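Reader: I'm new to this one and would like to learn how to read it. Could you walk me through it?

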Amino acid sequence: MEKKSSNWVAIESESDPDERYAKELEVAVKAVHVACLLCQKVQEDLIFNGDGGDVQAKDDNSPVTVADWSVQATVSWILSQAFGAQNVSIVAEEDIEALSKSNATTLLSSVVKTVNDSLSTASTFGIQPPPTPLETAQVLEAISRCNSTGGPTGRFWVLDPVDGTLGFVRGDQYAIALALVENGEVVLGVLGCPNYPMNKEWLNYQNGYRRILSRLSKSSSEGWDGKGCVLYAKRGSKKAWMQPLVNGDEGWVWPNSARPIKVSAIDNPVLATFCEPVEKANSSHSFTQGLAHSVGLRNQPLRVYSMVKYAAIARGDAEIFMKFARAGYKEKIWDHAAGVVIIQEAGGVVTDAGGRPLDFSKGVYLQGLDRGIIACAGSSLHEKIMRAVDASWNSSSL
């Protein structure tokens, strides 16, 4: 499928810095919230009811589900309704190739139904739902509208509809990630983390036990005792926020239900916790373990799927995220854009291993990445990790 350029004129924003991107942020938070509820329902059907649609394998053998396509269609439709389809350019992970095959009729029907069920509840969040259910062609159009190639100029959204699909199908952690990039810079990011427990100790439990605890826990009236949250930030605000995930029966409050978050103040490696990907396929656990030992990290690594790792650092539940991919692996911008700006505005530092900012202006991939990615709660830890990388790199097999 042909990809289109994102070189269109950006919508004019207000001159007041506090109001700049205000509408974009509010719409993005609402869209991600709707997507979180969609994913919760699909995961519930998948894990507890043995339903939820087929789990497909893409060319790289990574999984894709009904939720991936449904979230992409839903978010695309909401953004287009808010800003006009002609003003919305989206870089996203999925396309319609698998849905367009002759043997995908049942799968496509599940996606269309899931999208319409999701949009029917959108009014809870102040979003006007479609006057009539979307037809199959309209859902496919919404998915295929996400065909931007990104680039250094203009404005485009970056969407990972289900980041950590393997975690999603296993009933574990995953995220919905949406960011806005303008002239190559991420200007806002939203992370929906439907399974992220408010009690950080629960992250260390096996996912099955954690689900039982979550179901048994009684949420407070403000929703902070349960699980699930949406984190967000705007570039330059020096603030990051988190609000609890609400369900369709609760009233939507924007932004009064949100509270500020900050990175951890821990700068002693002995006390720090570091995150790394669960899967070894695109990250070297042995190298990060060696680095952890060399800088004095003693806590067990927190291995979680998806950009929940970024959320953990922004929220102060962990201090370090390290990822050093194996040769030949290319990092995609949708796996990092939203999380990077949230950590930075929460007071943290994110760079490549050479100390350079991640470059989101080169298209779909993070081009020119120096060895790996390092995210830390503070500059002191960040410097120590970078020094350890320099000292250990030549002996690595990456």
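**The open sheet**

Author: Let's begin with five strands that make an open sheet, ordered β11-β10-β12-β14-β13, with mixed pairing. β11 (302-303) and β13 (349-352) are at the edges with a single partner strand each, so each has one side left without a neighbour in the sheet. As for terms, helices (H or I, at least four residues) and strands (E, at least two) are DSSP runs, numbered from the N terminus. Two strands pair if DSSP finds at least two bridges between them.

Author: A word on the basis, too. This is a predicted model, where local features need pLDDT of at least 70 and side-chain atom pairs count only at pLDDT 80 or more, while totals for chains, interfaces and linings use all residues. Residues are numbered from 1 along each chain as its sequence is written, and side-chain values use heavy atoms, with hydrogens and water left out.

Reader: In which sense do β10 and β12 pair?

Author: Strand β10 (residues 274-276) pairs with β12 in the parallel sense, over two bridges. F274 has I320 in β12 as its bridge partner.

Reader: Which strands does helix α7 touch?

Author: Contact means heavy atoms within 4.5 Å. Axes are lines fitted to C-alpha atoms, for helices over the stretch in contact, and angles run from 0 to 180 degrees between N-to-C directions. Here, helix α7 (residues 285-294) packs on the sheet and touches β10, β11 and β12, with its direction at about 170° to that of β10. Helix α10 (residues 379-392) also packs on the sheet, touching β12, β13 and β14 (373-376), and its direction makes about 155° with that of β14.

Reader: At what angle do the axes of α3 and α4 cross?

Author: The axes of helix α3 (residues 105-119) and helix α4 (residues 136-144) come within 10 Å and cross at roughly 85°. That makes α3 roughly perpendicular to α4. Angles under 35 degrees count as roughly parallel, over 145 as roughly antiparallel, 65 to 115 as roughly perpendicular and the rest as oblique. Where the helices meet, L108, V111, V112 and V115 in α3 face T136, V139, L140 and I143 in α4.

Reader: Where does UniProt place the feature "binding site"?

Author: The unreviewed UniProt entry puts it at D160, D163 and D335. They span 176 residues in sequence, but no two of their C-alpha atoms are more than 7.0 Å apart, so they gather at one spot. UniProt positions follow the numbering used here, feature names are shortened, and annotations may be inferred rather than shown by experiment.

Reader: Is D163 buried or exposed?

Author: Buried means under 20% relative accessible area, exposed over 50%, and partly exposed in between (1.4 Å probe, protein chains only). D163 is buried, at 8%, and belongs to strand β4 (residues 155-163). Beyond neighbours within four places in sequence, D163 contacts Y174, A175, S306, M307 and D335. D335 is buried as well, at 16%, and sits in the loop between β12 (320-323) and α9 (337-345). Not counting residues up to four places away in sequence, D335 touches D160, D163, M307, Y310 and Y329.

Reader: How many residues apart in sequence are L25 and V190?

Author: They are 165 residues apart in sequence and 8.0 Å apart in space, C-alpha to C-alpha. L25 lies in helix α1 (residues 22-48) and is buried, with a relative accessible area of 8%.

Reader: How many helices and strands does the chain have?

Author: The chain has 10 helices and 14 strands, and buried residues make up 57% of its 398 residues.
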